[in-house]
Amino acid sequence: MLGLMQHWPLLCHKIIDHAARQHGRREIVSRSVEGPIVRTTYGEARARALRVAQRLAADGYRRGDRIATLAWNTARHLETWYGIMGMGGVYHTLNPRLFPEQIAWIMNHAEDRCLFVDLTFLPIVEKIASSVPSLGRVIVLTDGAHLPATALANVVAYEDWLAGADGDFDWVSLDENEACGMCYTSGTTGDPKGVVYSHRSNVLHAMMAAQPDAMGVNSRDVILPVVPMFHANAWGLAQTAPLIGAKLVMPGGRMDGESIYELLDTEKVSFTAAVPTVWLMLLQHLEETGKKLPHLKRVVIGGSACPRAMTEKFEKNYGVEVVHAWGMTEMSPLGSLGSLKPEYAGLEGDARLDIKEKQGHPPFGVEMRITDDDGNELPWDGKTFGRLKVRGPAVASSYYGGAGADQFDADGWFDTGDVAHIDQNGYMQITDRAKDVIKSGGEWISSIELENLAIGHPDVAEAAVIGVAHPKWDERPLLIVVRKPGRTVTREALIDYMAGKCAKWWLPDDVAFVDEIPHTATGKIQKITLREQFKDYRLPTA
Ligand code: ADP
């Protein structure tokens, strides 16, 4: 017997329809690329998205076409997403922090036909356009007055282009399983791989993200997604915020402490999300100026492990709740969030920080398990660690073009490449990337746990731990440290500081001090480069 309920396809443009109808005057505030703060609303964003869709259709773009964006978080970028999806196109976010050749590789792989680009990134496009034969129009997200001279063919200013459409357009009717968006993983192993989101997966993900124990946002919140739309869909906030009708504050290209503080303060932001690096800059700015955060209630921190000291500062010094989150481009991206279940809600001090250091528990819509290398499921005891596998309606079922097929099990589980343990209350903690664990005498040492310990030292600005070859133990940990300006902490002092806080045999065999630690385009420590840099390093214990 079938249910007798309506078939209402889950289509992304229904989100902006709902926002415009129910929350039409709610503001979207952007720090524009041209400079000034610009205010618009969900009502206007929908009207302009319709014009984007109409204009794209008039230009000959069709259902299924990949339309790339190379842009900061602004209202214009948001409108283009909804316009692209609403004409049946597939938005393809490009990460400007990649090398131009990598961007060209990704555009060719996806066969992008059109590109929306911010003024900031026009020089990148000038460099690569001739090597992307599928590329047609290049639409610069500005007005005619700000469009610089360029040798690029087929360039137009967004506002001039948009003026050619009156918005008298009906969203294209689609199957909810059709593609609506694309994002490539940054390719820390091999070539980047394309993740293809469907309308259905994005709508379900937006609803999952809004759950009270996930992002837990509502229409009274003011949301600042510092995490870029090109970094795994701004963690879903470009869809979750209009879905629930929250005011949206878009930071444009400025993510330094002072610029972020200004938006938090003037727009009375209550909820924000970004990677730890951004929050290091903000906390430093607050410490230097003595400013406070009276409006901010909650900050989601993820993308890489949130240091314990960061959680402590936000919660103790500024009264802001930290929600540690984990996810991946392949998961749309949310996988788990660290809100407190009743079992942990009463904890204080170190016991609370112990729980906040974990990456949290999955919302409804994500299933999780850990297995050994043979695929046997491991117990949830908070100690035993193994390969983390996930499944759900917003988890990739394969990569574009069939790459990386070995990451997808026959029974529908996706192998995340992360190593984790899960406790009896369902809280997951990442202990490493599978390729970064240090294998010492047949046992595993978690590089992330050691990094978290080292970063707790007051003189340490940043820390990375890698395995270095050792004649007896196979590999032993080397701690690589960037000191805070003017600080002089020594190798011995650091190892003393860490002793007693982890198993004795986990302690790094040596410490190397460097001026800078290399990062990937999504802000993670680039371990491949570090391993290369230190491949001939001789440990004093060797
Ligand atoms: P990339 O393509 O650079 O890997 P993603 O954002 O998809 O970009 O990265 C996903 C990976 O980032 C995860 O598999 C995990 O290793 C790491 N990661 C994300 N959030 C966290 C976190 N809170 N703690 C530790 N690692 C994290």
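This short presentation covers the ligand site, the second largest pocket and one buried asparagine, Asn 73. Please keep in mind that we are looking at a predicted model.

I shall begin with the ligand. Its surroundings comprise 18 residues, and the closest of these are Ser 186, Ala 325, Asp 418, Arg 433 and Thr 522. Divided by class, this shell holds 11 polar, four nonpolar and three charged residues. Which element gives the most to the shell around the ligand? That is strand 14, residues 321-327, with four residues.

Let me turn to individual distances at this site. Ala 325 takes part through its backbone: an N or O atom there lies 2.7 Å from a nitrogen atom of the ligand. Gln 359, by contrast, uses its side chain, in which an N or O atom is 2.8 Å from a nitrogen atom of the ligand. Lys 524 also uses its side chain, and here the partner is an oxygen atom of the ligand, at 3.2 Å from an N or O atom of Lys 524. As for cover, the ligand on its own has 570 Å² of accessible area, and the protein covers 94% of that.

I move on to the second largest pocket. The space in this pocket is about 430 Å³. There are 17 lining residues, and those closest to the centre of the pocket are Arg 308, Asp 354, Glu 357, Asn 452 and Leu 453. Three helices each give two or more residues to the lining: helix 11, residues 308-318; helix 13, residues 349-356; and helix 14, residues 447-455. Helix 14 makes the largest contribution, with four residues. With regard to class, seven lining residues are charged, seven are nonpolar and three are polar.

My last topic is Asn 73. This residue sits in the loop that runs between strand 3, residues 66-70, and helix 3, residues 75-86. Is Asn 73 buried or exposed? Its relative accessible area is 2%, and since the cut-off for a buried residue is under 20%, Asn 73 therefore counts as buried. What, then, does its side chain reach? At 2.6 Å, the side chain of Asn 73 reaches the backbone nitrogen of Met 229. A polar atom of that side chain also lies 2.9 Å from the backbone oxygen of Val 227. The buried side chain of Asn 73 is thus placed beside a backbone nitrogen, that of Met 229, and a backbone oxygen, that of Val 227.

Thank you for your attention.

Notes: Residues are numbered from 1 along each chain as its sequence is written. This is a predicted model: local features need pLDDT of at least 70, side-chain atom pairs count only at pLDDT 80 or more; totals for chains, interfaces and linings use all residues. Side-chain values use heavy atoms; hydrogens and water are left out. A residue is near a molecule or strand if one of its heavy atoms lies within 4 Å of it. A polar contact is a pair of N or O atoms within 3.5 Å; within protein, one must be able to donate a hydrogen and the other to accept it, and residues adjacent in sequence count only if both atoms are side-chain atoms. Accessible areas come from the Shrake-Rupley method with a 1.4 Å probe; for residues, only the protein chains shown count as cover. Ala, Val, Leu, Ile, Met, Phe, Trp, Tyr, Cys and Pro count as nonpolar, Asp, Glu, Lys and Arg as charged, and the others, Gly among them, as polar. On a 1 Å grid over the protein atoms alone, a cavity is a set of points where a 1.4 Å probe fits but cannot get out, and a pocket is an open set with protein on both sides within 12 Å along at least five of seven lines; lining residues have an atom within 4 Å of a point. Grid points are joined across faces, edges and corners, and a volume is the space filled by probe spheres set on the points. Buried means under 20% relative accessible area, exposed over 50%, partly exposed in between (1.4 Å probe, protein chains only).
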